[in-house]
Amino acid sequence: MASSRWKMVSQRDAYAETLVALGAERKDVVVLSADLSSSVRTSVFADHFPERHFNIGIAEQNMMGIAAGLAASGKTVFASTFAIFGTGRVYDQVRQSIAYPRMKVNIVVTHAGITVGGDGATHQMIEDIALMRGLPNMTVIVPVDAYETKKAIRAAVSYDGPTYIRLGRSEVPLVTQENDPFEIGKAATMVDGKDVTLVGTGIMVAKCIEASDELRKHGVEARVINMSTIKPLDVKTLVKAARETGGVVTAEEHSVSVGMGSAVALALGENVHVPMRRVGIEDTFGESGESEELMEKYGLTVESIVDAAHDVLRRKGR
Amino acid sequence: MVYTEQLIEQLRERARTVRVRIIEMIFTAKSGHPGGSLSATDIMAALYFHVMKHKPDDPKWEDRDRFVLSKGHAAPALYACLAEAGYFPVEELKTFRKLGSMLQGHPDMRKTPGVEASTGSEGQGLSMGVGMALAAKLDRKLTTTYVLLGDGECDCGQIWEAAMSASFFKLDNLVAIVDRNKLQLDGPTEQIMSIEPLIDKWKAFGWHALEIDGHDFKEILGAFENASQTKGRSTVIIAHTLKGKGVSFMEGAVAFHGKAPNKEQHAQAMKELGVGADGK
Ligand SMILES: Cc1ncc(C[n+]2csc(CCOP(=O)(O)OP(=O)(O)O)c2C)c(N)n1
C-alpha cells in the first residue's frame, strides 16, 4: 500500500483484540455479526464469549434493529459488517432505531473504500462518511491506524451515544505511537508547518506525511493534520491551521463531493477565507483492480496531494 | 419428459468446461468465490445450454429469457457460461477482476454482454426478477425470468418481500432457484441462521415449490419443464447441491467460499476436472 517506510498493521486485528479485552472487562458488551464474522474478526470475540456474540446471518437491517433493542436494554453493543452493508443498506434502521433514540450502538465496519480491490464497485463503499455524518447524534471516526483503532474503540465504549467507526480491509501504515493521546473530536497535528495545511483521514494521512516530505524538498513546510474524527469536526484546530498556514488541502479515500473534505470546506467557509483543494475519489463508482492500481487511477496519491498543495500555494500568493 | 443420454452427456461436458474455467479465472485473479460458483454450475449450464431462449450474438434480443444471478459472488460461473455460450471470447476470462476488465468481481450489466442485472449485494436479485417478469406481462412477451439465489441469501428480508409480491402478481413467468449448498460465509446455514423449513416457507408465500438434486441434469431439466407448465404462480426450485462441487478439497469446505486456490491446489483441481495444468 505505501512505501516501505511504514510498518503495515491490520486494523481488523486491532479491533478484535480490543473487543476481547473489553469483553473481559465489561459484562455489558455484546457483539453482533452478519455472516461476515470471519472477515471483520468479530469471530475472535465469539471464540472467547460465545454467549455474548450473535450472528444474525445475511440480514443487516435486522442486525441494526436487534442492536437497538439490546442497547435499549442497557447493553453496550458492537455491530460489525463491511462498510457497504453497515451504512447504505441499513440507513433507515440506523437513522430511526439507533441515531434518533441515541442508542449506545457502535457500528464498526471494515472493508471501507476503494482499496477493497477485486470485489469491485458493489463492495467499495465511498459514500459512507456522507451518510453517517448527516445523521444527528452520530459520531463518525476514521481511525488512522491500529493504535488509533484500539483507542477509538475504547473511547466509543465510554461515549454515551451511537458511533460509526470506519476501518479498511488491508493492513495500513502505522503512523501514530502507542502512547499518543486520542480523544473523540480532537484532530492531531502529525507534522508542523507554516506554508500550507494537509488534512488527511484514514490511509491518506500517511500519504499526506509523505507529501509533506516531498514538499519540504521544494522548500515548502506543510503542516499535516490527522482528522480521525469527522463528526464532531475539530473546527478549532482547522481554523487555526488555515489562519496560520493560509491554505488547505484535504485527502480522503472517499467520494470527494460528500466526504471529510466537504465537511472541512464548509467549516472553513464560514470562518476563514483561504484557498483550498480536496483530493479524493471524483463523483464516480469504483471498479475491480489491485488496491494500489485503484489508488493510482482514482488519484489517491502523494503526487495528487503535492500538486494540490502547489496549486493552493500559487493561489495564496494572489 | 424423457431426456436423451446424449443431451445429458452434452450438458455434463459443458458443466465440466465451465468448472475448469471457474478455477482458471479465480486462480489467475488470485481472488474470487469458487465454492458457490461450483455448486451452481450444473443449474446454470442447464439454463444456458438447453433451457433458456437466448441469442449470444444478439444479447439484447427482446424475446430472450432472463437470468439474474442474485448471488452475484458466483460471477465466475456466470462469466464462464456466457463465454462458452459465445457472448464474448473465452480469452476475456483471463481479465476477471483486473483493472479495466469487462468482468468485474461482481456482475455489472453495463460492462458485460449477457449480464442482465448488476448484483453482488445479497438479497436484491429476486426483486429485480419480479420487475422483469412484470414487464414481460405488460409487454405480452412469453419470456421467462430465472433468478438464482443462495441459501444464505434467503436470510435477507428482501427475498421474502419479493416472494410475497411475485405471488401477489401471479408471476408464473418467474422461476427462482435456491442453490441449497447448506453453507454460507461463516459456516453451515443451520448453525449461522437457520432457514428451515425452507420449502414450507416458499409454499406459505404462495409459490409452487419443488425440491431436486441440483447436480442431476434429469432432475434439473424436469424441474424447469415443470415450472414452465405451472400457471398462475411462480415456481421455486430448491436445488440440493454441494458447495465446491467437482473439486474434492473444495467440496463442503467453508474455507473455499471466497478464497483462490494456490498453485498446488490449482493443479490438483485441474487434474480432478480432467485437464492438464495448461487448462486444455
Ligand atoms: C447484503 C450482503 N451482506 C453480506 C455479503 C457478503 N457475502 C458475500 S457471499 C456471502 C455468503 C453467501 O452465502 P450464500 O448465499 O449461501 O451463497 P453460497 O454459499 O452459495 O456461495 C456473504 C455474507 C453480501 N455480499 N451482501
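## The contact between the chains

Between them, chain A and chain B bury about 1,800 Å², and 47% of that area falls on carbon and sulfur atoms. Within the share that chain A buries against chain B, Asp35(A), Ile58(A) and Arg89(A) supply 30%, more than any other three residues. This is a predicted model, and the values given here should be read with that in mind. To the contact, chain A gives 23 residues and chain B gives 24 residues.

How many residue pairs are in polar contact across the interface of chain A and chain B? The rule finds 17 such pairs, with both residues at pLDDT 80 or more. On the side of chain A that touches chain B, the elements that give two or more residues are α2 (37-40) and α12 (291-297) of chain A. The residues of that side of chain A divide into 6 nonpolar, 11 polar and 6 charged.

## Salt bridges

Across the interface of chain A and chain B the rule finds 1 salt bridge, and a salt bridge with an N to O distance of 2.7 Å joins the side chains of Arg97(B) and Asp119(A). Over all chains, the structure holds 37 salt bridges.

One of the salt bridges within chain A is formed by the side chains of Asp13(A) and Arg41(A), with 2.7 Å from N to O. Asp13(A) belongs to helix α1 (residues 11-25) of chain A, whereas Arg41(A) sits in the loop between α2 and α3 (42-48) of chain A, so this pair ties together parts that are 28 residues apart in sequence.

## The ligand and its surroundings

Where does the ligand lie with respect to the chains? The ligand is placed between chains A and B. There are 23 residues around the ligand, and those that come nearest are Glu60(A), Lys71(B), His73(B), Asp151(B) and Lys243(B). By type, the residues of this shell divide into 5 nonpolar, 10 polar and 8 charged.

Backbone atoms of chain B also approach the ligand: a polar backbone atom of Gly120(B) is 2.9 Å from a nitrogen atom of the ligand, while a backbone N or O atom of Gly152(B) lies 2.8 Å from an oxygen atom of the ligand. In addition, a polar backbone atom of Glu153(B) is 3.0 Å from an oxygen atom of the ligand. Taken alone, the ligand exposes 600 Å², of which the protein buries 99%.

## Backbone details in the loops

Most residues other than glycine have a negative phi, and most peptide bonds are trans. Against that background, a few places in the two chains deserve a look.

Asp35(A), one of the three residues named above for the area that chain A buries against chain B, has a phi near 55 degrees, which is a positive value in a residue other than glycine. Asp35(A) is located in the loop between β2 (29-33) and α2 of chain A.

Which peptide bond of chain A, leading from Lys231(A), is cis? The bond in question runs from Lys231(A) to Pro232(A), with omega near 0 degrees, and Pro232(A) is in the loop between β12 (229-231) and α10 (235-245) of chain A. In chain B, the peptide bond from Glu196(B) to Pro197(B) is cis, with omega near -5 degrees, and Pro197(B) is in the loop between α6 (189-192) and α7 (198-204) of chain B.

Notes: Residues are numbered from 1 along each chain as its sequence is written. Chains are lettered from A and ligands numbered from 1 in the order in which they are written. This is a predicted model: local features need pLDDT of at least 70, side-chain atom pairs count only at pLDDT 80 or more; totals for chains, interfaces and linings use all residues. Side-chain values use heavy atoms; hydrogens and water are left out. A residue is near a molecule or strand if one of its heavy atoms lies within 4 Å of it. A polar contact is a pair of N or O atoms within 3.5 Å; within protein, one must be able to donate a hydrogen and the other to accept it, and residues adjacent in sequence count only if both atoms are side-chain atoms. Accessible areas come from the Shrake-Rupley method with a 1.4 Å probe; for residues, only the protein chains shown count as cover. Ala, Val, Leu, Ile, Met, Phe, Trp, Tyr, Cys and Pro count as nonpolar, Asp, Glu, Lys and Arg as charged, and the others, Gly among them, as polar. Contact means heavy atoms within 4.5 Å. Buried area is the accessible area (1.4 Å probe) that two parts lose on being put together, summed over both. A salt bridge is a side-chain nitrogen of Lys or Arg within 4 Å of a carboxyl oxygen of Asp or Glu. Helices (H or I, at least four residues) and strands (E, at least two) are DSSP runs, numbered from the N terminus.
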